[in-house]
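Biologist: Could you take me on a close look at one part of this model, and then show me what else is worth following in the rest of the chain?

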Amino acid sequence: MASTALTYASRQAAKNQSRRSLQAVRSLMINMQSDEEGIGGLPDPITLATMTKLKATGKVSVSDVAGGKIKVVTEDSYLASSVLLSYSSNGGAANELEGEAGAAAVNKYLTFKSNEKIGSSLKTLRTMEDAGVTPIFEAGRTSAKVGFTCAKDYVMDFVPALALDCKYEKWDVADAISCAKTEAMVAAANPELMLMEGLFTAAYGDASPMSNSVYYADGGASRAGVMSFREREYYGGGSAVVAATGIEDHDAFVAAVADAFEGYGSDVGASSSGVYRGGEYRLAAPTGGTNVALAFEAPSDPIVCDVLKHCLASSGVSVFASDGLIGVYGDSDAAGAAALTDSLVEALASPINADLVAAGKIAAKASALFEKEGEGSYSLATSLTVNAWDSQDVAALYDECPAEAVIAAASAMVKTNLSVSALGSIDSVPYQATLNTKFV
């Protein structure tokens, strides 16, 4: 009885946390919409223009280890440290093979479990807790990252923990699967998360690895499947980045990473892949509410894609750009489903002009600089896993982004096949074939 009550309480807490997170995301998206008075929720553009002079990201240094398979990026200004090992094209759900469904979701919970060097899960986590170390583990559709935040004095002590081989104790794997199932249960109750799951199925098709669910379902990977996935994706030798903030001695940190990953695999990890095709996913349910998402294949240039995303946000709709897709989404009651869909179509179909691109560049640069300088060491470390640029470099990249490139990308985007995902009371939501004609 006590165990059941505890499980229920933990699930409720997870569900409440999910709701709070979504509310925060919605708030941020609303605040980032641009209007004639500026960019809500962000510093004035004049302040942003001089931000790097007032508080610049510290010195960024880059080295390679493990035969060039692991890039090490450090920054030296933060008082606390965040260390992240990021697999940009490995470790995600799209990398799962037959018999490994849900293995990506499970494996993030196997981070810092029982290992040969430290010992049991309890001892490993207690050692980290005693030192004030907070573990980090994430897995998405095409990537994964693990790491920790801690006081600078403890960084070198825990760098080896990033490379520790899991012993796959039965109880550790069972616990990780249980956590992944709970995460999936919470996600299933969240229409926005399920909307995105359906959108990737629509965009890439059922047979594509890009449509693999990022959640674990009953009948998913067994202990053997979880093990095979981790050995290949985490230890197999795929390209990775170790990024760290608050590192004053770059060379010493690089030496510690090189030593920790001395036995890193020699195989070339297979990157997640999928061919965009466009299509439709519909799930009707008498919920009284409607969720709709529309998307196209995203521009390949990340700066152009980011600017275009912020241009779309100026229409007042919620926008996203993730894992090769860029689009808009929203929700309404059943009566407003048609109007909601029309507003999403209008946001994507409206021409992008030079003035809109200029505003989009300001908003995109502001968001990028905020990640570098305004959200703390973890945000900066996450940013460094994507690029090793300092604030001056980031500002220059957005300033130099040609308006013509963004306009051309927007024009080419809407000439491809539309992807549609619709959930709930969707009788009034037109089918993809009808919506696609709006962009011809």
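Let me start with the inside: by class, how many nonpolar, polar and charged residues does the lining of the largest cavity have?

Modeller: Happy to! Please keep in mind that this is a predicted model. The lining of the largest cavity is made up of 11 nonpolar, 3 polar and 3 charged residues. As for the cavity itself, the structure holds 1 cavity of 30 Å³ or more, and the space in the largest one comes to about 120 Å³. It is lined by 17 residues, and those closest to its centre are Phe-112, Ala-161, Leu-164, Arg-230 and Tyr-235.

Stepping back for a moment, the protein chain has 440 residues, 49% of them buried. They are organised with 16 helices and 13 strands. Among contacts in the chain with a separation of 6 or more, 80% are between residues 24 or more positions apart.

Let's follow some of those strands, starting with β4. This strand covers residues 70-75, and 5 of its 6 residues are buried. It has pairings with β3 and with β8. Strand β3, residues 60-65, runs antiparallel to β4, and 6 bridges join the two. One place to look is Asp-64, whose bridge partner in β4 is Lys-71. Together β3 and β4 make a hairpin with 4 residues between them. In that turn, Ala-66 has a positive phi of about 55°. The pairing with β8, residues 240-244, is parallel instead and extends over 5 bridges. Here you can find Val-72 opposite Val-242 of β8.

Now for an open sheet elsewhere in the chain. It has 5 strands with mixed pairing, and their order is β9-β13-β10-β12-β11. Strands β9 and β11 (318-322) are at the edges with a single partner strand each, so one side of each has no neighbour in the sheet. On average, neighbouring strands of this sheet are turned by 15° against each other, direction ignored.

At the β11 edge, the partner is strand β12, residues 325-333: the two run antiparallel and are joined by 5 bridges. Ser-322 stands opposite Leu-325 in β12. Helix α10, residues 302-313, packs on the sheet and touches both β11 and β12. The direction of α10 makes about 165° with that of β11. A second helix to trace is α7, residues 191-204, which lies across β9, β10 (289-297), β11, β12 and β13 (419-424). Relative to β13, helix α7 runs at about 145°.

I'd finish at the other edge, on a single residue. Gly-279 belongs to strand β9, which spans residues 279-284. Gly-279 counts as buried because its relative accessible area is 15%, and buried means under 20%. Leaving aside neighbours within four places in sequence, which residues is Gly-279 in contact with? They are Ala-202, Asn-417, Leu-418, Ser-419, Val-420 and Gln-432. If you would like a distance to check on screen, try Gly-279 and Ala-433: they are 154 residues apart along the chain, and their C-alpha atoms are separated by 8.6 Å.

Terms used
Residues numbered from 1 in each chain as written. Predicted model: local features only at pLDDT ≥ 70, side-chain atom pairs only at ≥ 80, totals over all residues. Heavy atoms only, no water. Buried < 20%, exposed > 50% of the residue type's maximum accessible area, 1.4 Å probe, protein only. Pairing = 2+ DSSP bridges. Contact = heavy atoms within 4.5 Å. Axes fitted to C-alpha atoms, helices over the stretch in contact; angles between N-to-C directions. 1 Å grid on protein atoms, 1.4 Å probe; cavity = no way out; pocket = protein on both sides within 12 Å on 5 of 7 lines; lining within 4 Å. Points joined across faces, edges and corners; volume = space filled by probe spheres on them. Nonpolar A, V, L, I, M, F, W, Y, C, P; charged D, E, K, R; others polar.
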